Amino acid sequence: MSSAPVIGVLALQGDVPEHLRALADAGARPVPVRRPEEVHQLDGLVIPGGESTTLWRLSVAFDMLEPLRKLIASGLPAFGSCAGMIMLADRLADGVDGQQTFGGIDMTVRRNAFGRQVDSFESDVTLRTLAAAPWAGLGGYGRPMRAVFIRAPWVEQNGENVAVLGTEERTGRIVAVRQGPLLATAFHPELTPDRRIHELFVEIVKDNA
Ligand code: GLN
């Protein structure tokens, strides 16, 4: 793909403008999307942080739950941060009654996992380079990433096809994963100037085209 890929940012709730800016910095053409007719021409989709129970309810209200489930299941590249990670999980620990997700990543995610005392914190995340990954040649993945966690989830269990991309330094918990064209972080890379995660996602989207 030579031109900039078109990446939708799900604009039902959460930190949409920050993702739009980060995607533009990373070389994509970002567009906010909130209706089913807006999602069919996308090269990729970002699901922002916010509150997963609200994202779930609004997705149902805006008739977006089923269309996005199907698009993601059929191979649309997607990146979710925080509540967006929760929305990409096949299974939840500590979901509210009946809480649904788009799914796609074979993992169990625990909501609000880091506990009440540390509602919000900054920490270093060790990013792992996978030799076989198409983006391994991008370089620069050895350096830890300063990351913002806000009532963040962690990945409690991951299937064998889910690659661990990052762990939180203090707890060793899994906080960044990839399964094929799906990427998820428990933290908010859109809130810090380090653009490596958005650059990685744009690379994944280009490779998928
Ligand atoms: N705790 C929130 C949830 O369950 C996620 C918080 C966030 O996205 N910053 O959705």
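This report walks through a predicted model of a protein chain with a bound ligand, going from the overall fold to the ligand site and then to two buried residues.

## Overall build

Let's start with the whole chain. The secondary structure adds up to 5 helices and 12 strands. Laid along the principal axes, the C-alpha atoms fill a box of roughly 45 × 45 × 30 Å. For 209 residues, a compact globule would come out with a radius of gyration near 17 Å, and the chain has 15 Å, so the two agree.

How much of the chain is buried? Buried residues account for 52% of the 209. The surface that the protein chain does expose is about 9,000 Å², with carbon and sulfur atoms supplying 47% of it. As for how the sequence folds back on itself, take the contacts between residues at least 6 apart in sequence: 68% of these join residues at least 24 apart.

## Around the ligand

The ligand's neighbours come from several stretches of the sequence: G49, G50, E51 and S52, then C82, A83 and I86, then R111 and N112, then I150 and R151, and finally H188. Sorted by character, this shell has 4 nonpolar, 5 polar and 3 charged residues.

Which protein atoms pair up with the ligand's oxygen and nitrogen atoms? On the oxygen side, a backbone N or O atom of A83 sits 3.0 Å from a ligand oxygen. On the nitrogen side, an N or O atom in the N112 side chain lies 2.6 Å from a ligand nitrogen, and a polar backbone atom of I150 is 3.0 Å from a nitrogen atom of the ligand. As for cover, the ligand exposes 300 Å² when taken alone, and the protein buries 98% of that.

## A147 in strand β8

A147 belongs to strand β8, which covers residues 145-150. I150, with its backbone contact to the ligand, falls within those strand limits too. Is A147 buried or exposed? Its relative accessibility is 1%, so A147 counts as buried.

Leaving aside residues up to four places away in sequence, A147 touches F121, E122, S123, V125 and F187. L200 is another matter: it is 53 residues from A147 along the chain, and their C-alpha atoms are separated by 16 Å.

## R196 in helix α5

Helix α5 takes in residues 196-208, and R196 is found in it. Despite being an arginine, R196 counts as buried because its relative accessibility is 6%, under the 20% cut-off. Where does its side chain go? The R196 side chain reaches the backbone oxygen of P144, at 3.1 Å.

Methods
Residues numbered from 1 in each chain as written. Predicted model: local features only at pLDDT ≥ 70, side-chain atom pairs only at ≥ 80, totals over all residues. Heavy atoms only, no water. Near = heavy atom within 4 Å. Polar contact = N/O pair within 3.5 Å; in protein donor to acceptor, adjacent residues only side chain to side chain. Areas by Shrake-Rupley, 256 points an atom, 1.4 Å probe, with all protein chains shown as cover. Nonpolar A, V, L, I, M, F, W, Y, C, P; charged D, E, K, R; others polar. Helix = DSSP H or I, 4+ residues; strand = E, 2+ residues; numbered from the N terminus. Rg over C-alpha atoms; globule rule 2.2 N^0.38 Å. Buried < 20%, exposed > 50% of the residue type's maximum accessible area, 1.4 Å probe, protein only. Contact = heavy atoms within 4.5 Å.
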